[in-house]
Amino acid sequence: MAAEFLPAIFNALSQTFESDIERQWNRATYMLALIMATAGVSAGDGKNVAFATEFTGATAGTVAEGADVQSSEYNSDVNEPAILPWATYRSSFQVSEQEVDIARRSQGSATALLDIFGERLFGCQAKIAQSIETDVLAGTGVDVNGDPTCIGIFGGALSATGQYGSINPATYPEWASNVVSNGGTLRALTPDLMSQVDQQIFTAASVPWDLIVTDAGITRKYMSFFSQGAPVAGATQQSLVRSTADGARPTYGMGNALTNLSQLDNLFWMGRPVQRNPVSPANKMAFLNTSKLKMKYLPHVQTRNEIELFQVLGLQGASGGMRQATGIPARCAEIAKTGDSHKVSIRATVAFAITRRNACGLLTDVSEV
């Protein structure tokens, strides 16, 4: 009797998969995880997102003792509405009833695929979250098809010229952002260039920025500023030091008082976090005051005609096993069924706004080479 080996029965054996799905896509949402999303105007029933601004109009000066008030002295600060349109983001999928039934009973498959419907929902909502994240950073207000998008931090929301929210900084200079550029010619990143942005923000707004956002290439250049080890005796707060004394991941920062190890990648400038983002455009850094960044969503009210599948999902960004809640709800509903498959559409309507542009700034034309 001949000996038998595995190949003889290999094809007759069942295939068993690891329980988890190894997702290869990167749909991280670092910015959305930082911005508190809230309902739009009047619980979201506004035709757009609008907020009131106030610009300098009041005057003050010295007068002679006992002088009458002149008509030219009656001046008040000026209020103007800033108005931004809604942008709708959508992702859809179709699965057959047979696919759902077979997947549910497919023992030995990855656990997530047993609920193929839920897996597709998660993938779509993460894709919507990534699309919003991308436009919050780089959106220009309109896509290639002419449909509205968010106006992003690097896409026009922090420009020094041009209208934003229907207000022109040529009319109200306080509406301009702080931009340190080099006419389109790339130059090396230096501490002084970063300090120039900080200086302009302080001069224009007198409020501190609290976050830098950039891409991985500029982050790499930023990290090259630092030496490794402890500050030398008598070192000032301007010393650039890479500290690993506590055995934790390296902390990069300007100054000796940087001890917060909870921030992403432990990167700091002037004691404030530097965050790299995979969808941030190249050659640029944004200095942000996160209290002046607003994400509004349009809530959906379910109608009688909507079918039972309707759900409200909380959008999440994800990359591998990491998930990031965005605070943005999305509407999930099955569209008209014409066969034996489920056709599902997920939609979120949002608007992103920077409510005080002079409290933020951009550093552009930075080389990553």
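Of the 369 residues in this chain, 41% count as buried, and the reader should keep in mind from the start that the model is a predicted one. The secondary structure amounts to eight helices and 20 strands. Among the contacts in the chain with a separation of 6 or more, 70% are made by residues that stand 24 or more positions apart. The chain exposes about 19900 Å², and carbon and sulfur atoms supply 51% of that area.

A good place to begin looking is an open sheet of six strands, which follow one another in the order E8-E20-E15-E9-E14-E13 with mixed pairing. Its edges are strand E8 (178–180) and strand E13 (268–269), each of which pairs on one side only. Strands of a sheet pair through backbone hydrogen bonds, and they do this in either a parallel or an antiparallel way. Both ways can be followed from strand E9, since four bridges join E9 to E15 in the antiparallel sense, while three bridges join E9 to E14, with these two strands running parallel. Single residues show where these strands meet: Leu211 has Leu288 in E15 as its bridge partner, and Thr214 stands opposite Arg276 in E14. Within E9, Leu211 and Val213 point one way and Ile212 and Thr214 the other way, yet all of them are buried.

One step further along the sheet, strand E15 (residues 285–288) and strand E20 (residues 361–363) pair in the antiparallel sense over three bridges, and the bridge partner of Met285 in E20 is Leu363. Helix H7 (residues 191–205) packs on this sheet, where it touches E8, strand E9 (211–214), E13, strand E14 (272–276), E15 and E20, and its direction makes about 160° with that of E8.

How many salt bridges does a search of the whole structure find? The search finds two. In one of them, the side chains of Asp198 and Arg272 meet with N and O 3.9 Å apart. Asp198 lies in helix H7 and Arg272 in strand E14, so this pair ties together parts that are 74 residues apart in sequence. Asp198 has 18% relative accessibility and therefore counts as buried, because the cut-off for that word is under 20% relative accessible area. The other salt bridge joins Glu119 with Arg23, and here the closest N and O atoms are 2.7 Å apart. This pair links distant parts of the chain, for Glu119 belongs to helix H5 (residues 116–138) and Arg23 to the segment before strand E1 (26–27), 96 residues apart. Both Glu119 and Arg23 are buried.

Another meeting of distant parts can be seen at Asn277, whose place is in the loop between E14 and E15. Is Asn277 buried or exposed? With 2% relative accessibility, Asn277 counts as buried. Leaving aside neighbours within four places in sequence, Asn277 is in contact with Tyr30, Met31, Glu133, Leu137, Val213, Thr214 and Asp215. The C-alpha atoms of Asn277 and Tyr30 are separated by 6.8 Å, although these residues are 247 residues apart along the chain.

The surface offers a last stop, where Leu6, Ile9, Phe10 and Leu13 form a nonpolar patch with about 390 Å² of accessible area together. One of these residues, Ile9, is found in the segment before E1, and Ile9 is partly exposed, with a relative accessible area of 36%.

Note on methods:
Residues numbered from 1 in each chain as written. Predicted model: local features only at pLDDT ≥ 70, side-chain atom pairs only at ≥ 80, totals over all residues. Heavy atoms only, no water. Buried < 20%, exposed > 50% of the residue type's maximum accessible area, 1.4 Å probe, protein only. Contact = heavy atoms within 4.5 Å. Areas by Shrake-Rupley, 256 points an atom, 1.4 Å probe, with all protein chains shown as cover. Pairing = 2+ DSSP bridges. Axes fitted to C-alpha atoms, helices over the stretch in contact; angles between N-to-C directions. Salt bridge = Lys/Arg side-chain N within 4 Å of Asp/Glu carboxyl O. Patch = residues over 30% accessible without salt bridge, like charges linked within 9 Å, V, L, I, M, F, W, Y side chains within 5 Å.
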